[in-house]
Amino acid sequence: MHQPQACRTWLLTGLLLLVGLALMTGPLAAQSTPEKAFTNSLGMEFVLVPAGTFKMGAERGDTDERPIHQVTISKPFYMGKYEVTQGQWQAVMGNNPSLSPGDPKRPVDQVTWDDAQAFIKKLNALEGVQLYRLPTEAEWEHAARAGSPSIYSYGNDPKSLGEYAWYRANSER
């Protein structure tokens, strides 16, 4: 997976905002009809992302995003429905690295890729399984696109981002 060196904390915040915690698909093969969602012992909710084919990449953008190419996700997988919270991180890791701790329902932040791997290792041990992992870049994009062929999940106009997301330009900073 591409790991921009200049923004590791941002990358992990994005990944650990665990719409990025995925489950390996092995247990799905044993089920004739996998459950559409489930909740683990920590209250983390997961949803089933179906297998599928999509166009990944961009014609314009970073060089590692070119060219647009077809990608097939051959097996369904589960992915976290919500971000990993500070409370969930605390329950697994015994600490809270977040910049603004206090509310255990806030997303955890200020974690590195290595921190995420340690979290996953401990979560697997706590649950008595070897299922949790970060999604691949292709799985992440497949889930984020949710079947949309557009550049962005909401369409093709970057000027519309403020209608769908809160970010620096519309956060009154």
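**Exercise 1. In this predicted model, determine which residue of β6 stands opposite V47, and place V47 among the strands that flank β3.**

Solution. Begin with the β6 side, where V47 stands opposite M79. The strands concerned, β3 and β6 (residues 77-80), run antiparallel and are joined by 4 bridges. Next, turn to β2 (residues 37-39), which pairs with β3 (residues 45-49) in the antiparallel sense over 3 bridges. Within that pairing, V47 is the bridge partner of A37. Putting the steps together, V47 has A37 as its bridge partner and M79 opposite it in β6.

**Exercise 2. Describe the connection between β2 and β3, and state whether M44 is buried or exposed.**

Solution. The hairpin of β2 and β3 has 5 residues between the strands, and within this hairpin G43 takes a positive phi near 85°. M44 is also found in the loop between β2 and β3. The relative accessibility of M44 is 5%, and since the cut-off for a buried residue is under 20%, M44 counts as buried. Finally, consider a partner distant in sequence: G80 is 36 residues from M44 along the chain, yet their C-alpha atoms are separated by 7.1 Å.

**Exercise 3. Locate I73, and work out which residues it contacts once its neighbours within four places in sequence are left aside.**

Solution. I73 belongs to strand β5 (residues 69-73). With a relative accessibility of 9%, I73 counts as buried. When the sequence neighbours within four places are left aside, I73 is in contact with A51, G52 and F54, and also with A138, E139 and H142. A further distance concerns P50, which lies 23 residues from I73 along the chain, with 8.3 Å between the two C-alpha atoms.

**Exercise 4. Characterise the surroundings of Q86, including the backbone oxygen that its side chain reaches.**

Solution. Q86 is found in helix α3, which covers residues 86-93. The relative accessible area of Q86 is 2%, so this residue is buried. The side chain of Q86 reaches the backbone oxygen of S100 at 3.4 Å. Apart from neighbours within four places in sequence, the residues in contact with Q86 include N96, S98, S100, P101, G102 and D103, and the list continues with P104, R106, P107, V108 and D109.

**Exercise 5. Find how α3 and α4 are oriented relative to each other, and name the residues that make their contact.**

Solution. Two packed helices are described by the angle and the distance between their axes. The axes of α3 and α4 (residues 113-127) come within 9 Å and cross at roughly 70°. Because angles of 65 to 115 degrees count as roughly perpendicular, α3 and α4 are roughly perpendicular to each other. As for handedness, α3 passes α4 in a left-handed crossing. On the α3 side, the contact is made by Q88, W89, V92 and M93, while α4 contributes D115, A116, A118, F119, K122, L123 and L126.

**Exercise 6. Set these elements within the whole chain: how many helices and strands does it have, and what share of its residues counts as buried?**

Solution. The secondary structure of the protein chain comes to 5 helices and 7 strands. Read along the sequence, these elements follow the pattern α-β-α-β-β-β-β-β-α-α-β-α. Of the 173 residues of the protein chain, 33% count as buried, and among them are M44, I73 and Q86. As a last step, consider the contacts with a separation of 6 or more, of which 61% are accounted for by residues 24 or more positions apart.

Key. Residues numbered from 1 in each chain as written. Predicted model: local features only at pLDDT ≥ 70, side-chain atom pairs only at ≥ 80, totals over all residues. Heavy atoms only, no water. Pairing = 2+ DSSP bridges. Helix = DSSP H or I, 4+ residues; strand = E, 2+ residues; numbered from the N terminus. Buried < 20%, exposed > 50% of the residue type's maximum accessible area, 1.4 Å probe, protein only. Polar contact = N/O pair within 3.5 Å; in protein donor to acceptor, adjacent residues only side chain to side chain. Contact = heavy atoms within 4.5 Å. Axes fitted to C-alpha atoms, helices over the stretch in contact; angles between N-to-C directions. Parallel < 35°, antiparallel > 145°, perpendicular 65-115°, else oblique. Left-handed = near helix turned anticlockwise from the far one by under 90°.
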